[in-house]
Structures are given as structure tokens and as C-alpha cells.
Amino acid sequence: MLLSTLSILWRLTTWLQATARRQITRKYALTLIYRRATAEEFSKVSELPKNVVPRFESALSWRSGDTVLHSWEILARILASQEAMDIVCDIGMPVIHKNVIYNCRLIIYNGKILLIRPKMWLANDGNYREMRYFTAWAKHRQTEEHYLPRIVQQVTGQIKVPFGDAVVSTVDTCIGVELCEELFTPASPHILMGLDGVEIFTNSSGSHHELRKLNTRIDLIREATQKVGGVYLYANQQGCDGDRLYYDGCALIAVNGRIVAQGSQFSLRDVEVVTATIDIEDIRSHRAVKSRSMQAAQAERYQRIEVPFALSNDDFGRRPTTFQEPRLHIPEEEIALGPACWLWDYLRRSRTQGYFVPLSGGIDSCATATIVYSMCRLVSEAAAKGDKDVISDARRIAGEPESSDYVPLDPKEFCGRIFHTCYMGTANSSAETRSRAKDLAKAIGSYHVDLNMDTVVTAVQTLFSLVTNKTPRFRVHGGSSAENLALQNIQARLRMVLAYLFAQLLPWARGRQGGLLVLGSANVDERQPAGIPDKSVPKASIPADINPIGAISKTDLKKFIAWAQSFLNATPTAELEPITENYVQADEADMGMTYNELSIFGRLRKVEKCGPFSMFSKLVNEWGSMFSPLQIAAKVKLFYFEYARNRHKMTTLTPSYHAESYSPDDNRFDLRPFLYPASFPYQFKRIDEAANSLPDRSSEGATGPISK
């Protein structure tokens, strides 16, 4: 018995104020989705991503009565539309039940609401704060009656509908709902639903991109249906929803642990439909195992909401969709594509005319520029496929009139229109970094400016000398640490000022209107408080509007640049101090630890939840063959000392693309105090006691860098 084509639809909805990724109404956008699903894909089951009626990242707006009211108004339009007829739809929105707000899925069919299924396990770690806005439904396998608002009653003719943990039973199969985080929990609902005879599981998710995270998501989906059998429909948001996160789509349909359909992970498309035809008998034969049957016979019963609708037909000429291997991007591709899609969403929604990046000639600014060029390539590819929305946005951003027939088919040409780079040199800059910056700009086609800012730096130094009758000197010229730091900060802060000056006026200088967004180029390791020990502003890349690499490690960026065949061997340097025959400023020397070590410290602190002593305890075992316990103790104490001393700087970090599990983002991901006792007296004392009592297992007391 074949089930007619199942479909998953995703769309990143940003309509809280009646605007979407294009300037269109909610009604038109949702109608477009349903028309695509029914007329083009002949689907009978449609699943939309999490909270598709209001925008997903509504934050405290979830508490607003307007958000709930407008959600019901839009749902009423969907229920009344012909595009939603003869198709079971799974739609997300907030619902207030008995004065409690829940994150819910609404199952509708032919103008009726069949079930309101509230979320039972809320995501409240890392980037998610669902418990701040919603309450979890605690009455498992129980339902209550929910009285509908009058605007919906007038459309459906229903006064009340089931609200709670139930399943939908069609003529030929049974459908259960699992929401986002519930898949990731140890006792996921699909287990008990599967034992009670549910054969199709829907999961509407808002899962953000993180490097190497998709592997985990796919493994969970495959395992879910491998063990209990069934069809798993997974829909996910795709795009930037106005925050630091990029939702990476990749809708899936899995049958009995194998993938039959998979959507794109990174795309500029507004709508994507994933379909598959499956044979329901495959599920029943997969479940014909005695041990499973014994557990199923004892399973607790779910309430079934009956619907007179069949998903299957007797079309023997239609073959089931064949299985396929999951498509996974390597991390270097993820870095090239994820932040690029995020930048495109940010650019077109901010209504600005492009991006500005100060190029230092080093790896980080090179990576940022390469990602912008990757964005231009994605735009050109979409334009070549005739994507009218991308073409329209590209024309507006490039300053073309509405009547223009311009199509951005050449990524370098488009890059030259919307991407501006600048090398801000001083007497401390080298010819090598200047040349690298120029060569990179030429390779990607950006509009490049090369300038010297010595006169501006000298003016500030002269002003200080006139006021104080003191002339600060660099450390290499005999100056103190305070003088050295101040002279570096003059250059870094002036570069920030010049960056915003040129970002605001370069379009005007080129005869265009509007301004540019300044992109930062600080990686996650140097954005950690311990990564900026001696410089309040380590490089001009930190103060910016947004940062596409702010949650990507230096190690991954080096691999990305090698993959992109660019400036791999550039020594990380801020070039804020004079270069002499015996001294070239290097970031790792300034920090007192390598980027690889910083990456390890960051993962232990955030992901492994280590304090100073537990971090030392772990590293004694991991690094014991390379370093003595005293050396490891010194490194750990230095990291935590600098972390505490500079933690307050994290409260004003440039908003960055979230890509790493140990991001120091203070906005909501890494919530910590910003005033610490930097000496950690008790913790450091315990470390010293342990270090002095442990034997030295290092062969030579090695002091070389740690590899990640």
C-alpha cells in the first residue's frame, strides 16, 4: 500500500510585523507555500517549520497578546484558503490555554483543527531560552478541551478542540507529533508513540547551524526510525531570523533508519519542498520483531483523533522513493556557505548597500573577505537559475533602478559593486601584508582602497605630548608596558573610526546612495577574554557591525583558507608595534598561549564545564607527556587570570555568526558574571598543591605548541 507523496516544507518566517524575507503579507507567503505543495508536488501531508505563523526568534514578543492574536488571525486565513484543502497540515504557533502560553503544533485538515499539540520538553540550554517564554505541557498522553477564539470559530464551525498529547489517526495509518528538542531527549516521544502504533512522525524544528552539528541531527533521526520503525518527517527553518543564528534547513524524510529525501543545508531560496513516496507496508514488516511486539503489547495508549482521510492509494505504477546516503558538507564548506547565507539575509534585510572589511593581510580578514565572495557566488548561482527574489534584492543592493534588467551573473563583478575593502597601513605595517591584501582584493573583485594613516596617528600622539609634555614610546624603543599598550590602542581605535568613515562615505564617493556595514574579523579564540590579555582592542577587526567568523576557531579558519587556497602561512599579527631586525609582533606571543591552546581551553571551559582545577586535572592527563605539571598549571592559571581580567569586554562583543559550541558570546549563549576575582585564590592554591605533588612525565619538558 503506497502512501501518496509526503512533503516537508520549510520557510524561515519573519513576519512578526507583516513582512517576510520579501516585502509580502503573511497570507500571500503562506498561500505560496501551500500552492507549491499541492499543485506542483501533489502532497497529502505537509509539515511547516517551528512557529511558522509568527517569526521563530520573537523572544519577549511571545509574551505579547498581539503576537498570539495575529497568529490566530493568520491561521484563520489558512483554514479558509482553498490551498489548504485535502491536505493534512502541521503548523506552529503560540497558544494560550487556561492563561498559560504554550509552544504548539496545530494539525488542520479541510478547514478544521484536529489537534493542538503543546511542546512537552523545552530547549533551555545554549542559545535557547524557551522556558523564559513558554511552559511545558506536563500531562503526557492526556488531552483537554481548548476553546477557540471567535475569529477561528467563524471559519471552522468548531467551538472547542482537543489540546494535549494525542495522535491523529487516518483511515490507513497514524500520525504523531514530536517537537524539535523532544528528538534530542533520552526518552523521546517517538518511542512510546511508535510502540502504540504511530507510523508517521513529524518534527518541526528550529535548529541552528553549528559546525559538524548536522551529523548528530541525522544520526538521531536515523536511529529514531531504525529502532522503532516508521517514517520521520523533519522540517527545519532555513536562514537568518534576525539574530546571531543561521538555521540550516536540511529537511529530511527517513524510513526505517534510512534517508529517502534530503533538502539543502545552505540556500538562498525562500521555499523548498522535499517529497518522497513510501510503502507503508515496509514499516509494518520492519516492526514484525517479537521483542518489539512484546513491548508494544504493554504500551500505554494515546488518544487518537480520527480523521476520514486516506494517505494511501492503489497506484501500483508509482514506485517508492529509493534510499540515499546522507549528504554532508565538510567543515570547510560549512564555513564557506553558512556565514555567506547569513550575510546575505542580513544585507538585504538591513537595507544597506554592501559590506566594508579592513584587510590586514592576515588569515582572519582573508577568511571574512572570502566568505563575502562566497556570498556573491551564491547570489550569482541563484540568479543564473532565475531566482526572481534574489535578482530583485541584488538589483536594489547594487543601486540599480527598478526598471533595470541587471542580473548578477558574474560573482566578481557583483562583488565589486557591493563589497569594499581597505588596507590601513602605518609605519609599523609590512610590505608583505599590504601586498597580500591587494592581491586578495584583486582575486575576489572587491573595490579596494590602500591608505596610510600615519598622519592621523601622529596627530593624536602629538596632542597627548602637547598636553602632558610626555612622549610615550614603544617597548622596543625602551617604553613601559603602559606606553606600549596606549600606542597600540591609538592605531586600533583609529582604524575603527576610519572603517566607519569609509563605510559611510565610500558609496557616496562612487556616486551611489546609502552606506555599508562594517564586518569584523576576530575569530572565536581571540574573542575569548583570555585571548586579549594586553590589548583592549587587539586589532581593528573587533569593533564592527557584525562578524561572520566570530564563533569559528583559528584552527578551522586555517583549514578553510587552505581549502580556499589563500594566505595559509601568514603569521598572525596585529602590526601595532614597530618591526625591527630582532622583533616582529605576533599575536600568540602577545597572548602567552597558542591559538590551538586557546581553542582547547575554550572547549573545556564552556563545553566540558570545567573550572580552573578540573581543567588542570584533565590537561595533566592529556598533556602530561609534553609538559610538566608545573607548566600545565602555569598555562591554566594564565588562561583564567586573563579570562577574569577581560571578561567585561565580552558584554560588548560585535554580534557574530554562531558556529562553535564554545563561543564566548555574552548575549545569551555564554551567560557569566563580568566581574571575577582574577587571582582565583582558592582554586589556584589547589592547582599549585596538585602540581607540586605530581611527577613530571614529560620527556623533555616540551614547550612547543599544542595541536588541536
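This tour moves through the interior of a predicted model, from its largest nonpolar core to a helix and two cysteines.

Begin by selecting L268, L343, W344, Y355, M375, F414 and F419. These residues have the most contacts inside the largest nonpolar core, which has 54 residues in total.

Next, colour the elements that supply this core. At least two residues come from each of α8 (331-350), β19 (355-358), α9 (363-384), α10 (388-397), α11 (411-418), β20 (419-425), α12 (431-444) and α16 (554-563). Of the 54 residues, the largest share, 12, belongs to α9. Now display domain 1 (27-40 + 55-328) and domain 2 (332-590) in two colours: both give residues to the core, which therefore lies between them.

Centre the view on L268. Beyond its neighbours within four places in sequence, L268 is in contact with C341, W344, L378, V379, A382 and V390. Apart from this core lies another, of 29 residues; to find it, select I91, C104, L106 and V161, which are among its members.

Return to α11, one of the elements supplying the largest core. This helix is mostly covered, with 6 of its 8 residues buried: P411, F414, C415, G416, R417 and I418. At the start of α11, show the side chain of D410; one of its oxygens reaches to within 3.0 Å of the backbone nitrogen of K412.

Finally, select the cysteines C240 and C422. C240 counts as buried because its relative accessibility is 2%, and C422 is likewise buried, at a relative accessible area of 1%. A search for disulfides will return none, as the structure holds 0.

How values were computed: Residues are numbered from 1 along each chain as its sequence is written. This is a predicted model: local features need pLDDT of at least 70, side-chain atom pairs count only at pLDDT 80 or more; totals for chains, interfaces and linings use all residues. Side-chain values use heavy atoms; hydrogens and water are left out. A nonpolar core is a set of buried Ala, Val, Leu, Ile, Met, Phe, Trp, Tyr and Cys residues joined through side-chain atoms within 4.5 Å. Buried means under 20% relative accessible area, exposed over 50%, partly exposed in between (1.4 Å probe, protein chains only). Helices (H or I, at least four residues) and strands (E, at least two) are DSSP runs, numbered from the N terminus. Domain bounds come from an automatic or database domain assignment. Contact means heavy atoms within 4.5 Å. A polar contact is a pair of N or O atoms within 3.5 Å; within protein, one must be able to donate a hydrogen and the other to accept it, and residues adjacent in sequence count only if both atoms are side-chain atoms. A disulfide is a pair of cysteine sulfur atoms within 2.5 Å.
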